[in-house]
Amino acid sequence: MAKKSQLSQTDDAQSSRFFKRERLFRKLDSARKKPIIWISGPAGSGKTTLLSGYIESRKLRSFRGLNDLSEGPSVYSGIPDKNSIAGPYLLIFDNYHNVPYSSDLHRSLKADLSNIPKGVNVIFLSRHEPHPVLLAEVVSNGTLIGWDELRLNYDETKEFLSAGDRFGDDDILRLYRKTDGWIMGLVAHIEHNEGKEYSSCNEDIFCPDEIADAFAGMFAKLDCSFREFLLKTAVFRTMSAAMAERLSRNPHAEQILSGLCRRSFFIEKVDSGYCCQPLFREFLLQRARKEFSDGEWTEISHSAARILSAAGREGEAGDVLIGHGLWDALAGFIIDAAPAMAAKGRLEAVSEWTAALPEDYFSADPRLLYWKGLSEADNGGVKFLEEALKLCSALKDKEAMLLSFLALSDMYISSSEFSRAEGLISFVETGMRNDPSFSVSGSFGDAVMNLFVLMSVNRPDHPDISFWEDRAFVSVLAGHNADINRRLSAGVNLCRYYLWIGDFSKAAFIRGFLIDHIRMDGVSSKVLGLFDELEAFYDLFVGPTSAIIIKSLGLLQGPEEKGRIGLLMHGLAASIEEDDALSFDRIYQHLSSLLNSAKESELAYYHYLLACRGQINGDHDKAFYNQSLALNLLAKSGRRLEEPLFFIKMAEIQYERGVFSDADHFRLSAREAACRMNSSFFEHLCALLDQHVLFDRGAGYEVNDCLNKAMLSVRAQKLLGLIWTNHAFMTRICMKALQSGIEKDTALEVIRKRRLMPDTPPLDVEEWPYPVMIYALGRFAVIKDSLTLKGAVKLQSKPIAMIKALIAFGGVDVSKAQIIDALWPEADGDSAVTSFESTLHRLRRLIEDYKGIQLCDGQLSLDPRYYWVDAWAFEHMVGKADASWQSSRSAGHKNHDALNAALGLSEKTINLYKGAFLPADSDSAWTISKRESLRNMFVSSASKPGEYWISEGKWKTAADWFRRCIDIDGSAEVFYRRLISCYKNLGLNIEADKLYGRMQAVLSGKV
């Protein structure tokens, strides 16, 4: 049993010079609620300093329970009873780790600890956890404060270093990480750099001599097997017991590590196993390099790398090999481990490995070049992949060549750098095609898909493109072992290609496949974005385009807009198609802010769309400026698939600007490119452009032949999208088609889809599908989108009266007051205005039109772009017919073309005039003036053909004509008199007498 001695009071005179740790002081305050406190931590962790500072801070009395155990055998004084010392106090057992494991003191203490007087706290300071004999008593009646709580946290480290201006925030963070909260290490670093400006230049001074000497003293006391074990396993930053056992070949690794951990010998337990305190690990590594030979240390490091890699810690394994200059091992390790690292998305580690590898290794193995290029994709990695491709080709390494081609083509495709693709296509396609092991599955299938994407975009005129298109088609549909994202991405490009070449059935088939697979597990957000863009692009061909605008506007509100420039571009195109100026402006503004991150091909498309917009607005110079930019950007991007489209647009613009030689050059270039790539879509666009030119330069049968070909092209290739064809020209050929009866259904579909309207509304083309058509001659009817509003017209009497009055007063710029006077003559001012506004709202709602019925500055109008009125068409036709008769008379009716034109216009005129203007409203005073005006116009205009035939002695023809006129308006005396004259000249006197009697009855009001 240990001897007992008198208690000696501790000396706290110097404690005030130590760092006061309020966090742990509060912990001790709480711990003192129980009689026992056990504080354990490694040497230099500040245990004694902590307790001294606490005693001084709280003004406590304290006594030593043992003499200084570091100086010799201990003498236990015992715990005095409550009468020996008055008041509360602390009984301190410092350096308890020096008590031998087999000492009787542990048992003596156990008996005393169960009977500690009230107000007394027994505190143990030790590097170890409690001895097994004491553990149960400490756990049940005490508090353990271990190394995790004892070490300095970052804020305490910062406070500790706050004196003076030597340490910035970065310096403090570096020191904190180096020392891991170990006070002794922190103090040693400060003292080592005393008088110096601490900065990152001191970073290499990781383990100062003062610390190394302290470690060496403790290290020397360990058993020889322990020392060897620690020196070998120091190569691991963290390790499991199994890893340590495998490397050290010591079957007691678990016992060693757990024992050192319990003894706080700078080994601690972490989630992944165990780890050394950073400074202690550096000491061990420095010591290991001295004690092991180069060969031994190389083998240890190599083994450690293999163990780390097997544990899935490839990054650390590579660092070990780099740290010890094991280049051969590192080269092999990169080849073995890089695929797994790439699968985990950790290519930055591979980049660090390849950066450390000496240059001469890359010239011998293309796989190293491949991984260097792939891991540095965003930092010039393309050149390494290009070198790898050449090297593996020279070495006839097919597998490495396919991998290098895949990586390189992936980079070209994702970055749209198709300008660099032509050489790559030529380099690989011959070898791949002639390979006897050719397949569309596995890596070869992946390569086929990428090769076709490059070829379709950069070399759409390649003589073998059909061969590769077939195989890409099979790879997309049947490449079951291929990565789903690669297949779907290739499918998107394949569908886009089919649209451009005019194979709409295949495009629809591939699109269906994509729809069926796009929601599968594992499909990336990038591929989902590509599919969304394709859907919008597809709708630009087949519609509807309004959905593209909605999706694009929704995109502006979300966080994805920067990654979805392509979809926003299609939204801009759709807003042009829909003539939606508000949406165009919103999308345009957002796109303008994103152009810095746009690819050259995206910028080319952007300026192409602005050129389309300029064309429609009649700003041909602006259109030329933007299309010039578009062509230059397209050439730089290497995208040749869209060349014919861009050439056609420039040809159109130059024709409109009158630069015919340049226009012809681009027209021929477009046709040559379309023919080379065998695109029926582009060939039909070129045919339309040719016909545009012939319409201006040709005549007669040529024009009719061109018109027929043009409409057949429109029908066959679904050329309905605004951005693919010229707006003004499509309007022109559709009008001619309706007038000539050529492909009328196709023309009507195009007009409705594209909302075509010439600058001057085609009032004389009744077949033109106006949104609203109003008939007021001989009847009244409103037809909305080919449907007659019968019931609504009967129920909504006042709105219908308003539109009738509007037409009666001319239909355009009719004053609000004039309408009010006609419809509400008895109402007072305010009431009349209210009635007007209410009726106008009801009229717009009835016809479902809020932009065609316009009220501006007190003037009400029907927009002639949306409304066709038979009275307007009649007036327009009368004007044309009268002008034509004047022209024919000037030539003495000898110009047959002019005469035939006049006769044809007169025929159309009487066909339009179905009777009196608004016959059901003859009692309304506001209809009289218009009715009489239109009737007089009809009588005057309709008389001219009959007068001509009478002058030519063609009495029968004249008689037939005037009979038709009387059937339309039986109250015009001039028609009767001319017809009577014709009958007499034809010898039909009885018929003439009867007609005269009828005339008298009509004019006298009896009929």
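In this predicted model, Ser-815 has a bridge partner across the sheet, and that partner is Gln-859 in β15. The pair belongs to a set of two bridges joining β13 to β15 (residues 859-862), with the strands running antiparallel. Zoom out a little and you get an open sheet of three strands, ordered β13-β15-β14, with antiparallel pairing. The edge strands are β13 (814-815) and β14 (853-856), and each of them pairs on one side only.

Two helices pack on this sheet. Helix α39 (residues 797-808) touches β13 and β15, and its direction makes about 90 degrees with that of β15. Helix α41 (residues 829-847) touches β14 and β15, and its direction makes about 150 degrees with that of β14.

While you're here, have a look at Asp-857, in the loop between β14 and β15. Its phi is near 55 degrees, a positive value in a residue other than glycine. Most residues other than glycine have a negative phi. Is Asp-857 buried or exposed? With 74% relative accessibility, and the cut-off for exposed being over 50%, Asp-857 counts as exposed.

Leu-918 also has a positive phi without being a glycine, near 45 degrees. This residue sits in the loop between α43 (896-912) and α44 (925-951). Its relative accessible area is 2%, so Leu-918 is buried.

**Another three-stranded sheet**

Elsewhere in the chain, β7, β9 and β8 make an open sheet in the order β7-β9-β8, again paired antiparallel. Here β7 (238-239) and β8 (267-270) are at the edges with a single partner strand each, so one side of each has no neighbour in the sheet. Two bridges pair β7 with β9 (residues 273-276) in the antiparallel sense. If you want a residue to click on, Met-239 has Tyr-274 in β9 as its bridge partner. Helix α12 (residues 253-262) packs on this sheet and touches β7, β8 and β9, with its direction at about 105 degrees to that of β8.

**A covered helix**

Now to helix α24 (residues 484-501). How far apart should its ends be? At 1.5 Å a residue, its 18 residues should span 26 Å, and the end C-alpha atoms are indeed 26 Å apart, so the two values agree. The helix is mostly covered, with 18 of its 18 residues buried. At its start, a side-chain oxygen of Asp-483 comes to within 3.1 Å of the backbone nitrogen of Asn-485. Just after the helix comes Gly-502, with a positive phi near 90 degrees.

**Salt bridges**

Side chains of opposite charge can pair when their charged atoms come close. How many salt bridges turn up in the whole structure? The search finds 38, and here are some of them.

| Salt bridge | N to O distance |
|---|---|
| Arg-640 and Asp-461 | 3.1 Å |
| Asp-532 and Arg-564 | 2.8 Å |
| Arg-667 and Asp-690 | 2.7 Å |

The Arg-640 and Asp-461 pair links distant parts of the chain, 179 residues apart. Arg-640 is in the loop between α31 (620-637) and α32 (643-657), while Asp-461 is in the loop between α22 (442-458) and α23 (465-478). Buried means under 20% relative accessible area, so Asp-461 counts as buried at 19%. Arg-640, at 21%, is partly exposed.

The pair of Asp-532 and Arg-564 also links distant parts of the chain, 32 residues apart. You'll find Asp-532 in helix α26 (residues 525-542) and Arg-564 in the loop between α27 (546-556) and α28 (565-577). Asp-532 counts as buried at 15% relative accessibility, and Arg-564 is buried with a relative accessible area of 9%.

The Arg-667 and Asp-690 pair runs from helix to helix. Arg-667 lies in α33 (residues 660-676) and Asp-690 in α34 (residues 680-697), so their salt bridge ties together parts that are 23 residues apart in sequence. Both Arg-667 and Asp-690 are buried.

Some of these bridges share partners. Which residues do they join into one network? The members are Glu-422, Arg-459, Asp-461, Arg-640 and Arg-676.

Definitions and conventions. Residues numbered from 1 in each chain as written. Predicted model: local features only at pLDDT ≥ 70, side-chain atom pairs only at ≥ 80, totals over all residues. Heavy atoms only, no water. Pairing = 2+ DSSP bridges. Helix = DSSP H or I, 4+ residues; strand = E, 2+ residues; numbered from the N terminus. Contact = heavy atoms within 4.5 Å. Axes fitted to C-alpha atoms, helices over the stretch in contact; angles between N-to-C directions. Expected span 1.5 Å × (residues − 1). Buried < 20%, exposed > 50% of the residue type's maximum accessible area, 1.4 Å probe, protein only. Polar contact = N/O pair within 3.5 Å; in protein donor to acceptor, adjacent residues only side chain to side chain. Salt bridge = Lys/Arg side-chain N within 4 Å of Asp/Glu carboxyl O.
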